[in-house]
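Here are a few exercises to work through with the model open in your viewer. Try each one before reading on.

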Amino acid sequence: MRPWWLRILAFAKPYWPSLAAVGGLMLAASAAQVLKPWPMKVLVDYVFPRRPLPDEIAWLEILPGGDSAVGLCAWLAGSTLVIFAATWAIQTLQAYIQSGVAARISYALGANLFEHLQRLSLRFHSRQPAGDLVRRVTRDSRCAQNLVSNVAMPALTSVSVVIMMFVIMWQMDWALSVASLAVLFPLVVANRLFYGTMMTKTYEQQEMEGAMMSQAERVLTALPVVQSFRRERYEDGRFREATEKTLKAYFRALAAQLKFRLTVSTATTIGRAAIMILGGYRVLQGELTIGGLLVFLAYLGSLYEPLETLTHMTASVASAEASARRVLDVLDDQDHVPLAAIAPEPPKGRWHGMVRFERVNFAYEPGRLILCEVDFAAKPGEVVAIVGHTGAGKSTLMSLLLRLFDPCSGRITLDGVDLRDISLSEVRAQIGILLQEPFLLPVSIAENIAYGRPDASREEILAAAAAARADEFIRRLPDGYDTIVGERGMTLSGGQKQRIAIARALLKNAPVIILDEPTSALDARTEWQVINEVRPLLAERTVFVIAHRLSTIRHADRVVVMQAGRIVQEGHHSELVAKEGVYREMYREHSVQFRRVATS
């Protein structure tokens with residue numbers, strides 16, 4: 001497998017032209033850095049002692065006023081300003097382009113990670129806290145930006161500056177140049193000693209931050225429960241405890257980085273002091289001019305600065321690797337439903353909705369079957385109720401139909417075609433679903449109803465809402481169908497949310513409909529009205545109903561009774577009630593509970 005940094009930098013491929021421009025600007029900035037000390041050298045070695053200028057810069061004397069010391073001082077001071085302005089302009093343009101490219105690469109990585117997360121199975125998401133995944137998408141994906149802005153580009157700049165500075169220093173005094181490289185040994189040793197610790201501590205800090213975000217997400221999404229049980233103080237204490245752990249992890253990572261930086265700075269400071277002593281000795285011996293020493297020391301600073309940058313980059317690399325590990329852990333996870341190689345054409349030009357389960361077995365974990373030898377069919381125009389006690393496998397059965405998972409053995413077909421041979425998008429386009437807990441987005445009611453069919457007309461949205469008995473209450477809202485729903489539908493009652501969800505399922509106009517406790521939040525009268533309105537709209541569709549309320553089940557054409565993952569009974573409600581079995585027992589329990597509620 002390729003190194004982590006190559007995998008992250010692969011996202012920079014579409015932006016190579018901009019990165020090349022950044023590289024060119026870096027070289028220009030490096031060249032400007034080389035010119036900075038020279039005006040001072042000319043002043044110290046030639047202008048102030050009133051010595052003749054060397055041939056390579058004798059052209060300065062032909063400038064206006066260049067034949068006098070004052071004029072030369074003015075021109076050299078002006079050149080310093082020009083070099084500064086040019087360097088500033090180049091570095092500003094470089095920073096602007098570089099930051100933009102780095103941000104684009106980071107967002108591209110985050111988008112890729114988000115897309116991959118949506119493809120991963122519910123089995124994966126059941127193992128991972130949502131808050132931690134959000135942090136990986138929004139924060140850890142910035143490792144690409146860190147790698148480009150704080151590592152790759154600065155490294156190229158620093159290397160080019162080091163090479164140019166060392167070549168010039170070698171020409172000035174090779175002995176001092178060789179001595180100046182003595183700091184490389186302690187820098188390499190410090191890098192090897194501290195890198196692993198910095199990466200580990202940073203990774204631990206990011207894991208703690210992910211856990212802290214997950215805890216905040218869990219509490220905020222369950223706020224009605226937290227408030228109703230008066231657990232605010234308890235949850236506040238837990239969150240503060242998580243923040244304390246995160247803070248300690250942050251300080252451990254910071255301490256490792258500071259120790260590393262102190263070691264590097266100490267090594268380069270000792271190197272500068274040593275060169276000052278050696279250079280001063282050479283000046284006293286007449287082997288080097290004072291201006292030459294000043295320029296050499298200026299170049300030494302320009303040499304050590306990029307060397308320190310390259311070494312300090314270790315902390316940035318450690319941080320980027322820690323984040324990249326968290327990103328690549330998700331990207332490398334292949335726990336998703338396999339995609340069909342070729343999507344077949346629907347029989348007779350369109351999908352009709354004939355569904356068949358053929359000896360289906362399924363387990364979330366090896367050796368623990370949730371569904372066992374499930375075998376039955378449902379045809380268009382038929383309403384099939386799936387009933388059973390909690391844990392019987394009803395919802396799992398419908399999850400397989402949606403291809404949220406694939407069977408361990410056996411197969412499920414749509415119009416005779418194995419679902420695994422149909423593209424995921426095509427399978428799910430043919431199935432409308434209404435969940436027991438309707439999920440609404442914080443957008444307008446019209447957009448929520450049209451979520452499964454964004455291209456639906458206003459008239460179609462209104463018709464679906466009317467069929468779901470939602471039109472009347474929607475029109476009473478402040479902005480009618482344009483009313484913005486609160487987060488997770490918090491501004492609506494349970495019954496209102498469910499009726500909007502019913503309208504959404506109807507509007508999708510899919511040949512197969514799954515209704516998971518479709519009327520659980522409705523009173524008996526509204527339930528009866530909704531069923532009467534909806535029934536004609538489902539006439540040509542295959543409808544699966546997961547329900548416990550007998551008022552809902554009675555309207556089914558067929559009832560499939562499940563127990564411990566197996567089908568134990570099948571038939572019409574009246575048939576199953578008339579004979580001994582699981583369904584009759586459920587009917588009796590329901591009748592007893594209903595009478596208790598009615599008399600209480």
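The expected span of a helix is 1.5 Å times one less than its number of residues. Keep that handy, and bear in mind that this is a predicted model.

**Exercise 1.** Work out how the span of helix α7 sits against the expected value, and find where α7 bends.

Solution. Start with the limits: α7 covers residues 143–172, which is 30 residues. Next, the expected span at 1.5 Å a residue comes to 44 Å. Now go from the first C-alpha to the last: α7 reaches 41 Å, close to that expectation. Finally, look along the helix for the bend, and you'll find about 30° at Pro154.

**Exercise 2.** Describe how helices α9 and α11 pack.

Solution. Take α9 as residues 184–221 and α11 as residues 232–284. Their axes lie 9 Å apart, at an angle of about 165°. Angles over 145 degrees count as roughly antiparallel, so α9 is roughly antiparallel to α11. As for handedness, α9 passes α11 in a left-handed crossing. Then sort the contact by class: it has 18 nonpolar, 10 polar and 8 charged residues.

**Exercise 3.** Trace the six-stranded sheet and say which strands are at its edges.

Solution. First write down the order: β6-β7-β8-β3-β9-β10, an open sheet with mixed pairing. The edges are β6 (431–434) and β10 (566–571), each pairing on one side only. From one strand to the next, the twist averages 20°. Now zoom in on β10: strand β9 (residues 558–563) pairs with β10 in the antiparallel sense over 5 bridges. To pin down one bridge, take Gln563, whose partner in β10 is Arg566.

Methods. Residues numbered from 1 in each chain as written. Predicted model: local features only at pLDDT ≥ 70, side-chain atom pairs only at ≥ 80, totals over all residues. Heavy atoms only, no water. Axes fitted to C-alpha atoms, helices over the stretch in contact; angles between N-to-C directions. Helix = DSSP H or I, 4+ residues; strand = E, 2+ residues; numbered from the N terminus. Parallel < 35°, antiparallel > 145°, perpendicular 65-115°, else oblique. Left-handed = near helix turned anticlockwise from the far one by under 90°. Nonpolar A, V, L, I, M, F, W, Y, C, P; charged D, E, K, R; others polar. Bend = angle between axes of the 7 residues up to and from the residue. Pairing = 2+ DSSP bridges.
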